[in-house]
Amino acid sequence: MAIQIELFLQTLIAGILLGGLYALIGIGMTLIMGVMKIINLAHGELMMVAMYIAFWLFSLLHIDPYISVLVAAPALFFLGIALQKFLINPVLRVESILPENQVILTVGIGMVLANLATIFFSSNYRSTPVAYATQAFYLTDFWKDAPIELSLSMAWSLSFLIAVAITILLWFFLTRTDTGKSIRATAQDLDAALLMGVNVRRMRVVTFGIGCALVGAAGCLFLPIYYLFPALGGQFTLIAFVITILGGLGSTNGAIIGGVILGIFESMTATYLGMGWAPVGRFLIFVAALVFLPGGVASLLQSRKLGK
Amino acid sequence: MKKGLSLIILLILLAALPLIGLSSYMMHIVVLVIIYSMIGMAWNLLGGYCGQVSFGHAAYFGVGAYTAGIIYSKLGVTAWWGLPFSVVVVTALSLIIGFICLRLRGPYFALGTLAMGEVLRVTAENLVKFTGGDVGIMIRERTWVGKTWYYYIILLLAIGTYLLIKKVIESKFGYYFVSIREDQDAAESMGIDTTTYKTVALCLSGAITGIAGAFYTNYMGYIDPKIVFSLHDISIVTIMVVMVGGVATYSGPTIGAIIMVFLAELIRSNPSLGAAHQTLFGILLIFIIIFLPNGIVGDFPKLAKIFKIGRVSS
């Protein structure tokens, strides 16, 4: 029985830690979706690019992946701005039958990024062997005669804490600064924001950049605890999308909760059903969210507020 | 009258194609072109006319292929039974996918279908007892050694698809589909039951893709989840076939399939470019979306104009 509880709690902790990182990926996508009304299907590929930046900084200059957040996130910010300015904005102006052209365009960008990474860096699996990757905290270190034993990996907890710190910083940015407020205004109502004197076009560019920078930061945080290969983007794009649906489209708070729910659910399926089924679990949660909670967690938060 | 005559000539040419003695490799490419143009036509019905962009046509293709494969490996009958059976199975699957995904609009629908395709791939990989997992299913006895009969069968299927889609689009269904694409809310307020018609389009599109998948099993003789549920090689290539050829045109998917399959073979057979084929496809996709958003057939007047101007200045 004790072992059962131990396993459950351990899985729960792993899920929450994973969820914190997922939330960061999800927020990036939900921000872009809220302001631009498009889905960035190259999201995971952009994360892959950031991971390669961090990987090469580590293996060539021995810079810790956590420090390379400071390099990779700005790099991705400018990459995002360039993509938005030179590829996505022109398409918004083009007349065509299908309005989903921008989405298909991001697929094209993702394909190019993933394939270029394969050509230049080969499709080998890589990882950064940081010294603290094998260290962990144990419950018995703090509480001598604890009935159960739980462990907390050093790298996982560090990644989680940095992810939380970035999320808090982003929250301050969105609620306390002028640019942040303009972004939220644009997401809420584009025309009204335009009438209020918000430079909507610039906000779009900035938002795309911030979304890319967030996923870039998440990539650096994933690097010490995960492995890296060029085709990894697709699965993270899907994860980001599931989180966005789960959290409610365009809702930042929803994305955080959605990320944690998905993280817990995924680590539960991995423990109790087997690793291979984790993507199916991800999808089940997606379907359940669509069928039973189409507005996502955000709609729950909202109805609670209105109820009061 | 003139149009009918040229159509008959085209049909005779197509029927006579195996007689001119193309190499086995060329016939294989021609069969691939027809398979992709069939999936492209199916996608075009849902994406081009009804406006529901699907990123998950590999789901229908793969389930069709696996229906044929499982009928062969578990029931021991010939995999050709997969063609009629796949219609039933894939239509049922389309109803389920439609129930879930058609709640979503636009890009959300696109990603929902993408997730469906990926999940079916993972399921096929993990249900080892049923599908053989990553080992795949091998059809041990081939019906014909040569490709001629395969060519005629897929040609008939594709012509049937073409006529069916033309018939549907020219009926009142077609008008309903286009009105849903143009403005779903307006269509609904005009009294069109948008969910029903979207489901009809999805089921038709899925069933046609499923038949193509079942044919693929018979033709190639080997399937595994990574091939038939491939996101890049099936779902995205299907979209590219339609985007390059022309969205919401009758002949667009066929022209797109000819260009895409030959281009893919050219790039892959070139040793220095082979590894970069996805980059080139991606760049082509970006180029098409920015400069020819309605495809070669849809933007033909634009193309003709550019080339005429080019000729005058030179």
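This report walks through a long helix, some backbone oddities, the cysteines and the internal cavities of a predicted model.

## Ground rules

Residues count from 1 along each chain as its sequence is written, while chains are lettered from A and ligands numbered from 1 in the order in which they are written. Since the model is predicted, local features need pLDDT of at least 70 and side-chain atom pairs count only at pLDDT 80 or more, with totals for chains, interfaces and linings using all residues, and side-chain values use heavy atoms, leaving out hydrogens and water.

## Helix α1 of chain A

Start with α1 of chain A, residues 2-36 (helices here are DSSP runs of H or I, at least four residues, numbered from the N terminus). It has 35 residues and reaches 50 Å from its first C-alpha to its last, close to the expected 51 Å (1.5 Å times one less than the number of residues). Right after α1(A) comes A:K37, with a positive phi near 60°.

## Positive phi in two loops

A:H62 isn't a glycine, yet its phi is positive, near 55°. This residue sits in the loop between α2 (43-61) and α3 (69-93) of chain A, and it is exposed at 64% relative accessible area (exposed is over 50%, buried under 20%, partly exposed in between, with a 1.4 Å probe and protein chains only).

Over in chain B, B:A248 also has a positive phi, about 60°. Its loop runs between α12 (231-245) and α13 (252-269) of chain B, and B:A248 is buried, at 19%.

## Cysteines without a partner

There are 0 disulfides over all chains, going by cysteine sulfur pairs within 2.5 Å. For A:C212, the nearest cysteine sulfur is that of A:C220, 13 Å away, which is too far for a bond. A:C212 is buried, with a relative accessible area of 0%, and A:C220 is buried at 0% too.

## Cavities

The structure holds 3 cavities of 30 Å³ or more. A cavity is a set of points on a 1 Å grid over the protein atoms alone where a 1.4 Å probe fits but cannot get out, and lining residues have an atom within 4 Å of a point. The largest has about 60 Å³ of space. α2 (24-49) and α7 (148-170) of chain B each give two or more residues to its lining, which includes B:M41, B:Y162 and B:P253.

The second largest cavity has a volume of about 40 Å³. Its lining draws on both chains, with A:M111 alongside residues including B:H232, B:R268 and B:F281. α12 and α14 (277-291) of chain B each supply at least two of the lining residues.

Definitions and conventions
On a 1 Å grid over the protein atoms alone, a cavity is a set of points where a 1.4 Å probe fits but cannot get out, and a pocket is an open set with protein on both sides within 12 Å along at least five of seven lines; lining residues have an atom within 4 Å of a point. Grid points are joined across faces, edges and corners, and a volume is the space filled by probe spheres set on the points.
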